[in-house]
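Reader: Got a minute to go through this one with me? Pull it up and we'll start with a single side chain.

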Amino acid sequence: MKRRNFIQKSSAGAAFLTLGGLSLESFAKKTSKHITILHTNDVHSHIDPFPEDHYKTPNQGGVARRATLVENIRKENPNTLLLDAGDIFQGTPYFNFYGGEIEFKLMSMLKYDAATIGNHDFDNGIDGLFAQLPNAKFDFVSANYDFKNTVLDTNIKPYKVFVKDEIKIGVFGLGIELAGLVDPRMYKETNYLDPVEIAQDMSRILKEEEQCDLVICLSHLGYYYKSAPSKICDLNLASKTKDIDLIIGGHTHTFLPKPTVTKNSVGENVLVNQVGCYGINIGRIDFYFDSDKNITSKGKSIIV
Amino acid sequence: MKKIIISIFTILLLLSCKNEPQVLVKVEGKLLPITEEIQSKKEIEDFIQPYREKVEAEMNTVLSYTEKDLVRTDGELESSLGNLMADLCFDMANPVFKSRTTNNIDFALFNYGGIRAGITKGDIKTENAFQLMPFENNLVVVELTSEKIKELVNYLIANNRAHPLSKHINLEITKKGYNLKINNLPLNDSKTYFVLTSDYLQNGGDKMDFFKNPVSIQNLNYKVRNAIIDYFKDKDTINVKLDGRFRAEK
């Protein structure tokens, strides 16, 4: 309830600032910059659209359609990143038959920029995931899975920094605790580290050392657990960290009609988004930057 | 008011220079549904097509045949599909287990909820095996004490559902309690029993807690779905009936 109040207040504020925002764009094209983030999660090997007679999501989704949409957005704004928050594998016979080869190849064709690892991405074991990595022309980021004693050692980076139109975007990954969720023989000696501590480290490194303008967390922790409110999830992560602008989530297959705006540990706004599952939706977040002197008051407007 | 704000902004903008550090001023977020209005990209379609054809051909491969619908709801405490599933998993798993341990499995138990779809009479295709068992669960053999077997029986009675049980169990709920025979013998308190189930249930799925902390456990690394497919491939026609292996006294 509190959060809803906050969102309402923030959108009222946003309406006011939008006016300024519009004038910024119209008068200062040379100094303003625009970054678009597109994201998916829990696609679960859904290559084809759902059948027309599907009881819940008839004729929705499909990678070939997603490709068109992504391509059109990239034409409109070349400064676009396409990200995935994990659970790429498992859910259709495409995975059972080809072990993730098609999923990775298609994501490469769509020019995904980065993805994190979900629990189901271990379904063919850590060796099964490793075997498919050559098919992925994009990077996997995971900061809280320590793969030192596994085949994935050095193959997975904690974070990646992208530069688009001189804007530095840091993207780091977080995975869910595997014990109790995945058979230990599948993840082998993958060591799960505390996501909050790791996120604090990551945001410091990306903000202070790498001097990123934008920090994005690709998380497979889950949006929120009603029956276990203190369990680590994206909302709790947001409130316990700072300097993260956007948390792109997965795992809980949460359909958010629009991103959630919440507060971080120092009272600044953080966006948390998740777009359901099975490639039925793409999430789109647009970040607009402007040079320092154009800003009259501190803080950004968020329109969701 | 608006005019004043705009003019303040305009003045500030005119004063600004190009290479200043960038500050985030505005964020917009929205959901983009992937609908049929969006045209498929041909290059992607063309890439998928050969894989799709192979998968469809494989899924449409006829493995076996059934003269009647196989469902989980045609009995009270047992079902044709449940009996089939438990018996076929036993048949496929026991030789594997025996070759590894020299022991025989005593019986198999799975869960009613794990039967994800029925099979319509006619040809049985690979697709049916995927619909029946979409998960990647493995077969495991759990060695249980007679005490745990009693817990298992009490669970079955309290649950009052047609959980798939293999034919090696003969369990009748009576007014006083129950009659149990395993392989035609009463429960032997000095013996341990080898029970076939899935790794999902062994790990506490469906609250089958009696599978936790067993005397020993052997993962067969054999997927339930593969056992189903292998069995169907081996049989021209599936004949299965209700035999009262788990029943209540009338």
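**Contacts and cores**

Reader: What does B:Leu139 touch, leaving out residues up to four places away in sequence?

Author: In this predicted model, B:Leu139 touches B:Cys89, B:Ala93, B:Phe110, B:Leu196, B:Thr197, B:Gln218, B:Asn219, B:Leu220, B:Asn221, B:Tyr222, B:Val224 and B:Ala227. Contact means heavy atoms within 4.5 Å.

Reader: And which residues touch the most other members of the largest nonpolar core?

Author: A:Phe140, A:Phe172, B:Leu109, B:Leu139, B:Leu196 and B:Phe232, out of 131 residues. A core here is a set of buried (under 20% relative accessible area, 1.4 Å probe, protein chains only) Ala, Val, Leu, Ile, Met, Phe, Trp, Tyr and Cys residues joined through side-chain atoms within 4.5 Å. Helix H3 of chain B, residues 80-101, gives the most to this core, nine residues.

Reader: Switching topic: how far does the C-alpha trace of chain B span?

Author: About 95 × 40 × 40 Å along its principal axes.

Reader: Why is chain B called more spread out than a compact globule?

Author: Because its radius of gyration is 28 Å, well over the 18 Å that the globule rule gives for 250 residues. That's over C-alpha atoms, with the rule being 2.2 Å times the number of residues to the power 0.38.

Reader: How much of chain B is buried?

Author: Buried residues are 48% of its 250.

Reader: Any ground rules?

Author: Local features need pLDDT of at least 70 and side-chain atom pairs 80 or more, while totals for chains, interfaces and linings use all residues; side-chain values use heavy atoms, without hydrogens and water. Residues are numbered from 1 along each chain as its sequence is written, with chains lettered from A and ligands numbered from 1 in the order written.

Notes:
Buried means under 20% relative accessible area, exposed over 50%, partly exposed in between (1.4 Å probe, protein chains only). Helices (H or I, at least four residues) and strands (E, at least two) are DSSP runs, numbered from the N terminus.
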